[in-house]
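Here are some exercises to work through with the model open beside you. Try each task before reading its solution.

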Amino acid sequence: MKEQLLSIEARAKEELSGISDSKLLEELRVKFLGKKGEITAILKQMGKLSAEERPVIGQLANSVRADIENAISQKQAQLKAALAEKKLAAEKLDVTLPGRRGRVGRPHPLNAVMAEVEEVFLGMGFDIVEGPEVETDHYCFEALNMPKHHPARDTQDTFYINENVLLRTQTSSVQIRTMEKIKPPIRIISPGRVYRSDAVDATHSPLFHQIEGLVIDKGVTMADLKGTLELLMKRLYGDDCRIRLRPHHFPYTEPSAEVDIMCFNCHGEGCSMCKQEGYVELLGAGMVHPKVLEGCGIDPEIYSGFAFGIGLERITMGRYNINDLRLLYENDVRFLEQF
Ligand code: DAH
């Protein structure tokens, strides 16, 4: 029996040395130390031994068992450490590699230009006010000296909700809302969406944006209008940018003007972009009509002022050399990413 035990120990240790996996280790433990294992089998035969032999063999069996247990738990620790090391190696992280940048959005070109325009006017002491897009006939036309059946209404194809309510065709409605609410001095701009029943093409959209401006005070002249617009355009297009005023007609201003900007492409020489004009039309403006002032309770003998309405799409397209209005609304990321 003694030899048996010693041989068990020797075999266990030898088998143990070749094991590299915790499942096999467990099998080995059961084989030698389990209830049906080799050591137990020997202990069961102790009854056959003489009284002198029994404690000697018993002691030996216990020490062999303890030795094997020890060796197994040492092996277990080894395997565990090796596994942890392997895992660490597999999950190695190189903190010196460049990180992966998240995709960051950016302002839409219309919003970017709008923000620039607002910045320029805030710098000149203007306030920014908003008005409703669903508007009454009164604010959009009537109070702007465009009574029903006035031919000037024909130039703005209007979406009517009912006879009296419509989608505003121009931000000029906010002029009236402002003058009704606050007394001069007034210095505001009002950016926002406007609607016209136009078919979509490269230069038309049923929805577009305007920025309305209004200044009312004592002694305001056309020179103030020109200076204000010139400053805006120089900020948007650079210091060498020039504007020109052409006589025009709007029912709510007198005198009225269309304001052109020197062509970005040919700098006034004349080219295909400006149809050989050297200038491109940019906005409408003028001195607020005395009838409009009166209608809002402002005395035209005391106060005067100017107003203008800029198409945001037009200045954005000029700013970035965009040749098709639809690009601004399709929101194709490949297009938007360029700005
Ligand atoms: N409302 C005009 C338009 O939609 C633009 C405009 C012209 C606005 C003259 C004004 C102005 O305030 O004085 O075409």
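Contact here means heavy atoms within 4.5 Å. Helices (H or I, at least four residues) and strands (E, at least two) are DSSP runs, numbered from the N terminus. This is a predicted model, in which local features need pLDDT of at least 70 and side-chain atom pairs count only at pLDDT 80 or more, while totals for chains, interfaces and linings use all residues. Residues are numbered from 1 along each chain as its sequence is written, and side-chain values use heavy atoms, with hydrogens and water left out.

**Exercise 1. Find the buried residues of α10 and what covers them.**

Step one: pick out L312, E313, I315, T316, M317 and G318, the buried residues of α10 (buried means under 20% relative accessible area, exposed over 50%, partly exposed in between, with a 1.4 Å probe and protein chains only).
Step two: look at their cover, which includes α5, β5, α8, β8, β9 and α11 (327–330).
Step three: step just past the end of α10, where N321 takes a positive phi of about 60°.

**Exercise 2. Describe how α5 packs with α10.**

Start with the geometry: α5 (residues 109–123) and α10 (residues 312–320) pack at an angle of about 100°, and their axes are 9 Å apart. Axes are lines fitted to C-alpha atoms, for helices over the stretch in contact, and angles run from 0 to 180 degrees between N-to-C directions.
Next, classify: α5 and α10 are therefore roughly perpendicular to each other (angles under 35 degrees count as roughly parallel, over 145 as roughly antiparallel, 65 to 115 as roughly perpendicular and the rest as oblique).
Then list the partners: P109, L110, A112, V113, M114, E116 and V117 of α5 meet L312, E313, I315, T316, R319 and Y320 of α10.
Finally, sort the residues of this contact: nine are nonpolar, one is polar and three are charged. Ala, Val, Leu, Ile, Met, Phe, Trp, Tyr, Cys and Pro count as nonpolar, Asp, Glu, Lys and Arg as charged, and the others, Gly among them, as polar.

**Exercise 3. Trace the seven-stranded sheet and identify its edges.**

First, follow the order β1-β4-β5-β9-β8-β7-β6 in this open sheet with mixed pairing. Two strands pair if DSSP finds at least two bridges between them.
Now the edges: β1 (127–128) and β6 (243–248) each have a single partner strand, so one side of each lacks a neighbour in the sheet.
Zoom in on β7 (residues 253–262) and β8 (residues 279–288): they run antiparallel and are joined by eight bridges. I261 has V280 in β8 as its bridge partner.
Last, add a helix: α8 (residues 222–237) packs on the sheet, touching β6, β7, β8 and β9, and its direction makes about 145° with that of β8.

**Exercise 4. Where does α7 lie, and is Q175 buried or exposed?**

Begin with α7 (residues 173–181), which lies across β4 (186–195), β5 (207–217) and β9 (304–311), running at about 35° to β5.
Within α7 sits Q175, which is buried at 1% relative accessibility.
Setting aside neighbours within four places in sequence, Q175 is in contact with L144, E212, G213, L214 and A307.
Move on to P184, in the loop between α7 and β4. P184 is also buried, with a relative accessible area of 12%. Beyond its neighbours within four places in sequence, P184 is in contact with I216, I298 and Y303.
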